[in-house]
There are 2 protein chains.
Amino acid sequence: MYIENSRKIHLARRPEGMPVAEDFEIVTESVAELKDGEVLVKNLWMSVDPYMRGRMIDRASYIEPFKVGSVLEGGAIGEIVESRNPAFPEGAKVSSMNGWREYFIADGQGLQLLPETGAPVQSFLGVLGMPGMTAYTGLLKIGELKEGDNVFVSAASGAVGAIVCQIAKLKGCYVAGSVGSDEKAEYLKSLGVDAVVNYKTSTDLQADIAKACPKGVDVYFENVGGAHLEAVLNQMNEYGRIAVCGMIDQYNATAPVPGPANLSLLIIKKLKMQGFIVFDHWDGYPAFVQQMGEWLQQGKINARETVYEGIASAPDAFMGLFTGKNTGKMLVKLG
Amino acid sequence: MYIENSRKIHLARRPEGMPVAEDFEIVTESVAELKDGEVLVKNLWMSVDPYMRGRMIDRASYIEPFKVGSVLEGGAIGEIVESRNPAFPEGAKVSSMNGWREYFIADGQGLQLLPETGAPVQSFLGVLGMPGMTAYTGLLKIGELKEGDNVFVSAASGAVGAIVCQIAKLKGCYVAGSVGSDEKAEYLKSLGVDAVVNYKTSTDLQADIAKACPKGVDVYFENVGGAHLEAVLNQMNEYGRIAVCGMIDQYNATAPVPGPANLSLLIIKKLKMQGFIVFDHWDGYPAFVQQMGEWLQQGKINARETVYEGIASAPDAFMGLFTGKNTGKMLVKLG
């Protein structure tokens with residue numbers, strides 16, 4: 001099969017501060033014939049995630065920076081539409097890191113066949129994929145969650161946060177979180193979250209978080225940083241754990257943002273604050289899929305998605321992550 | 001025995017910022033006759049430690065605040081000079097938290113007989129006491145030190161820091177530290193420390209710490225906070241551990257001091273940052289005394305002391321902790 005006009009998104013230039021449309025470029029390419037051992041994948045869904053903002057900066061990190069003038073990368077779910085590789089028959093669904101494009105050819109490296117779970121395929125970009133696994137690992141392993149803990153989650157209605165909240169509720173915890181709109185607050189309350197702070201309308205984040213956590217905070221699942229971290233540090237209970245998953249407050253900063261002024265509470269309250277990257281814990285993925293698949297089948301986890309249509313909308317979807325456009329997992333539907 | 005003029009130090013008022021002489025008051029008391037079961041202790045040595053500054057603030061913490069108009073408390077080594085309690089014979093040496101006074105009566109509660117180690121009795125306020133145990137616990141348990149790690153220690157010539165440096169060297173690590181004078185730097189080098197930064201003369205702390213740690217930092221033993229923390233965060237290696245023992249930079253601050261602007265490195269480098277209080281780990285004290293006693297006997301640990309004479313000098317000794325007057329353990333000799 002020869003595809004004349006497969007579209008993909010390049011990084012046109014490195015964003016300064018908040019990404020803008022001009023940082024992206026839509027490029028058309030032809031996708032050539034297959035060699036032996038190769039497959040042609042048509043992407044059905046692609047993921048946009050806050051961590052991608054970090055890859056747009058030219059710096060040493062746990063993952064290589066994106067190159068200016070090259071196609072972006074990220075999680076995607078595709079279908080094998082032509083195959084010269086018996087391991088990946090036509091019609092099979094695969095996940096890969098080859099997002100931000102409509103078609104690609106692969107030799108099988110970096111492709112994973114989706115396990116059978118009955119869940120929609122795009123779940124493997126969300127609740128059954130990296131964000132779900134991030135929530136699970138961060139809360140249980142890094143946060144060392146115990147039954148009855150008091151949990152606070154920042155950016156609690158996002159792809160990771162909403163799953164964190166629900167796992168914590170399943171584990172018998174008191175759960176509070178922060179979101180950026182009343183609609184998102186309603187969504188969280190419908191999931192059983194005990195208290196929600198709208199940080200955009202709050203005039204005193206510290207007081208509102210304190211009110212939302214009457215018994216303090218044993219586990220803080222941190223997605224935001226900045227003023228959130230300072231406010232929650234004041235509420236932490238002794239021996240509390242802060243699982244640092246993200247600091248989205250700082251991703252688009254153009255100047256250094258000072259950290260919390262109350263870090264010495266780490267000593268006074270004997271706190272552990274630990275950053276993590278989910279890929280370090282990927283050996284636990286099969287066990288996670290089994291558990292999360294079970295919860296999904298039992299209707300115990302709600303996996304809300306926000307969907308943009310078509311590859312041309314991918315930059316908007318990505319930029320929308322930083323302006324609160326998504327509830328739950330932000331996805332782009334390609335197929 | 002009736003003591004007419006036993007002296008003690010009261011907290012006259014809560015310090016604002018750096019403590020000054022007027023925050024303390026020397027008070028004379030008489031110490032009355034013993035009842036059955038009681039002992040009279042004459043303090044020989046008392047300890048001043050940076051953590052005491054925190055107890056001078058009226059706030060909830062792991063330990064009760066000092067009361068204005070009451071005697072201060074802290075580690076002390078004394079001798080039983082009169083006894084009506086067979087568990088504590090006359091002449092026995094005891095440690096207690098009843099420092100900042102010359103004599104006191106006790107019923108045995110809160111008194112510990114010193115174990116036999118051959119080390120000078122005041123060692124139990126330093127290398128064999130709380131500071132030594134803090135160094136040992138923070139480095140090995142919180143910092144999860146491994147042979148060959150690259151270690152950085154702030155306030156490296158202090159009571160805790162100098163012991164941290166030496167334990168890390170005994171464990172086969174590369175060790176660098178920061179101090180506030182060239183004389184202290186020389187002392188550390190005489191202990192085998194590989195590189196020392198004088199933070200007072202440094203014009204670029206970040207660059208000097210980077211130069212002192214050519215292979216980065218796996219374990220940071222944090223005594224200072226502030227600019228030190230920001231600089232060392234930049235040098236941390238992946239999966240590094242930051243054992244937060246103290247943040248002396250902030251103890252005398254009169255306004256909130258912003259934290260490091262680069263805390264998102266916790267995620268990128270997958271760091272653990274953990275505060276601790278040594279008393280939570282006191283079950284390990286006997287094993288520590290045995291190990292440290294052995295190292296001392298073998299001459300493998302040097303326990304430098306800075307000694308002020310007489311109880312009237314105790315406030316000066318305490319204030320001197322914040323202006324760099326001590327190398328090694330700061331002590332006041334009373335007996």
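Biologist: How many residues of chain A are in contact with chain B?

Modeller: This is a predicted model. In it the contact involves 28 residues of chain B. On the side of chain A, the number is 28 residues.

Biologist: Which element supplies the largest share of the side of chain A that touches chain B?

Modeller: Helix H8 (265-268) and strand E13 (272-275) of chain A each give at least two residues to that side. By character, the residues there divide into 16 nonpolar, 8 polar and 4 charged. The largest share, 4 residues, belongs to E13(A).

Biologist: Which residue of E13(B) stands opposite Met273(A)?

Modeller: E13(A) is joined to strand E13 of chain B, residues 272-275, by 3 bridges. The two strands run antiparallel. Opposite Met273(A) stands Met273(B).

Biologist: Which C-alpha of chain A is nearest the axis that relates the two chains?

Modeller: A turn of 180 degrees with a shift of 0.0 Å along the axis lays chain A on chain B, with an RMSD of 0.0 Å. The two copies are therefore related as by a two-fold rotation axis. At 2.0 Å from the axis, the nearest C-alpha in chain A is that of Gly259(A).

Biologist: Why do the copies meet through the same surface?

Modeller: The interface residues of chain A can be checked against those of chain B. The copies meet through the same surface because the share of chain A interface residues that are also interface residues in chain B is 100%.

Biologist: Which residues touch the most other members of the largest nonpolar core?

Modeller: That core has 190 residues. One of the residues in question is Leu139(B), which touches Leu145(B), Val164(B), Ile167(B), Ala168(B), Val219(B), Phe221(B) and Ala243(B), leaving aside residues up to four places away in sequence. The full set is Leu139(A), Val164(A), Val332(A), Leu139(B), Val164(B) and Val332(B).

Biologist: Which elements are included in what covers the buried residues of H4(B)?

Modeller: Helix H4 of chain B, residues 182-190, has as its buried residues Lys184(B), Ala185(B), Tyr187(B) and Leu188(B). They span an arc of only 160 degrees around the axis, so they lie on the same side of H4(B). The face turned away from that buried side carries the exposed residues Asp182(B), Glu183(B), Lys189(B) and Ser190(B). The cover over the buried residues includes helix H3 (161-170), strand E9 (174-179) and strand E10 (195-198) of chain B.

Biologist: Is Trp100(A) buried or exposed?

Modeller: Trp100(A) is in the loop between strand E5 (93-96) and strand E6 (103-106) of chain A. Its phi is near 65 degrees, a positive value in a residue other than glycine. Since 28 other C-beta atoms lie within 10 Å, Trp100(A) is buried.

Biologist: What does Tyr239(B) count as, given its C-beta neighbours inside 10 Å?

Modeller: Tyr239(B) is placed in strand E12 of chain B, residues 236-244. Phi of Tyr239(B) is positive, near 65 degrees, and the residue is other than glycine. Because it has 13 C-beta neighbours inside 10 Å, Tyr239(B) counts as partly exposed.

Biologist: Which residue in E9(A) is the bridge partner of Phe152(A)?

Modeller: Strand E9 of chain A, residues 174-179, has 6 of its 6 residues buried. Tyr174(A), Ala176(A) and Ser178(A) point one way, while Val175(A), Gly177(A) and Val179(A) point the other way. E9(A) pairs with strand E8 of chain A, residues 150-153, in the parallel sense over 4 bridges. In E9(A), the bridge partner of Phe152(A) is Ala176(A).

Key: Residues are numbered from 1 along each chain as its sequence is written. Chains are lettered from A and ligands numbered from 1 in the order in which they are written. This is a predicted model: local features need pLDDT of at least 70, side-chain atom pairs count only at pLDDT 80 or more; totals for chains, interfaces and linings use all residues. Two residues are in contact if their C-beta atoms, placed from the backbone, lie within 7 Å. Ala, Val, Leu, Ile, Met, Phe, Trp, Tyr, Cys and Pro count as nonpolar, Asp, Glu, Lys and Arg as charged, and the others, Gly among them, as polar. Two strands pair if DSSP finds at least two bridges between them. Copies are superposed by least squares on the C-alpha atoms of residues with pLDDT of at least 70 in both. A nonpolar core is a set of buried Ala, Val, Leu, Ile, Met, Phe, Trp, Tyr and Cys residues joined through C-beta atoms within 7 Å. A residue is buried if 20 or more other C-beta atoms lie within 10 Å of its own, exposed if 12 or fewer, and partly exposed in between; C-beta atoms are placed from the backbone. The arc is that of the directions from the helix axis to the C-beta atoms.
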